[in-house]
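Here are my notes on the model you sent, set out point by point. Please read them with the coordinates open.

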Amino acid sequence: MPRPLWTGAISFGLVTIPIKVVSATQDRSVHFHRVHLKDGGRVRTRKVCELDGQELTQEEIGKGYEVSRDEIVPVSDEELDEMPLPTAKAIEITAFVDADSIDPVRIGDSYYLAVDGQVAAKPYTLLRRALERSDKVAVAKFAWHNRERLGLLRVREGAIVLHSMRWPDEIRSPESLTPRVVELDEDEIDRAVQLTDTMALDSISGFRDTYRDALEDLLAAKSEGKEPPEPAVDEDRDQGKVVDLMAALNASVTAAKKGRGEDKGRDGDATVHEMRPRKPAAKRTTQGGESTSTARKTAGKKAAAGKKATASEETAGTKRPAKKRSAS
């Protein structure tokens, strides 16, 4: 088991569960040192006091909050540990919610919660069973690293996992990033959906870090005095070039099917697919990037029922003259 990062307890109502927190993930990145380009010597960071110019050890460095440019209030770790917070020594469960109600953008690091002693086994199992049977996840508060955090507790392969979560005001709104006006036709949407179906997987366990593989190959070649591997050339991508969206979707579906062995053709080679021409129907513009799919289907049904074409346009969101209203 990895070294515990924190020891404390889960507070579940009046039930207290002693636990140890260990990281659920591990860093597999390749790390570099900073070196002097001229002679390869290590470059290190020295911590120097601005007032007397002396280099300091870690034991001589504390925390301080800048009240103003000329005033800094020192704060010790003991003062932070003794703040009157109920979450200072425990992971306090405050609510249970459906897992689907949690926006993934709020989820941060993950930790396993392990029992701390045999006395914790029964209440730990009780909480785990409650989470499994209710099909809920627990929302909790806890204080780590000098701040109170929001957490999510769920069960993974018999163990309780704690995911740290960001507070609502820490999430930026994407409103300014979304396109305001989008033109799409039904064929493009259908083809994009077909592409997602073709690329669908039951599991993502087969993915691996190909950048790290290439980096390790590069480092191995350099350490052995060999030439570095040739750079990969992706001829299928032409960055910055505007392509026909429908043609790109058709080619993507064909490539995805070929990659999964679903489109081998008569001779086992790539086949040529007929490109369906676009419908001559005029494109429709929606606000806020909404699809026109629902509107078109609704309009078609109404047309079949003998209603006038104008009814479909109203359903699709086309503006109609406003009725005059008397002042009241």
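The points below cover the scope of the model, one strand and its partners, and some salt bridges.

1. This is a predicted model: local features need pLDDT of at least 70, side-chain atom pairs count only at pLDDT 80 or more, and totals for chains, interfaces and linings use all residues. Residues are numbered from 1 along each chain as its sequence is written, and side-chain values use heavy atoms, with hydrogens and water left out.

2. Strand β1 covers residues 6–12, and 5 of its 7 residues are buried, so the rest of the structure largely encloses it. Buried means under 20% relative accessible area, exposed over 50%, and partly exposed in between (1.4 Å probe, protein chains only). Strands (E, at least two residues) and helices (H or I, at least four) are DSSP runs, numbered from the N terminus.

3. Two strands pair if DSSP finds at least two bridges between them. β1 runs antiparallel to β2 (residues 15–23), with 7 bridges, and parallel to β5 (residues 90–97), with 3 bridges. A9 stands opposite P18 in β2 and has A90 as its bridge partner in β5.

4. The β1–β2 hairpin has 2 residues between its strands, and G13 in the turn has a positive phi of about 65 degrees.

5. The whole structure holds 7 salt bridges, each a side-chain nitrogen of Lys or Arg within 4 Å of a carboxyl oxygen of Asp or Glu. One of them joins K63 to D77, with the closest N and O atoms 2.6 Å apart. K63 lies in β3 (residues 63–68) and D77 in helix α1 (residues 77–81), so the pair ties together parts 14 residues apart in sequence.
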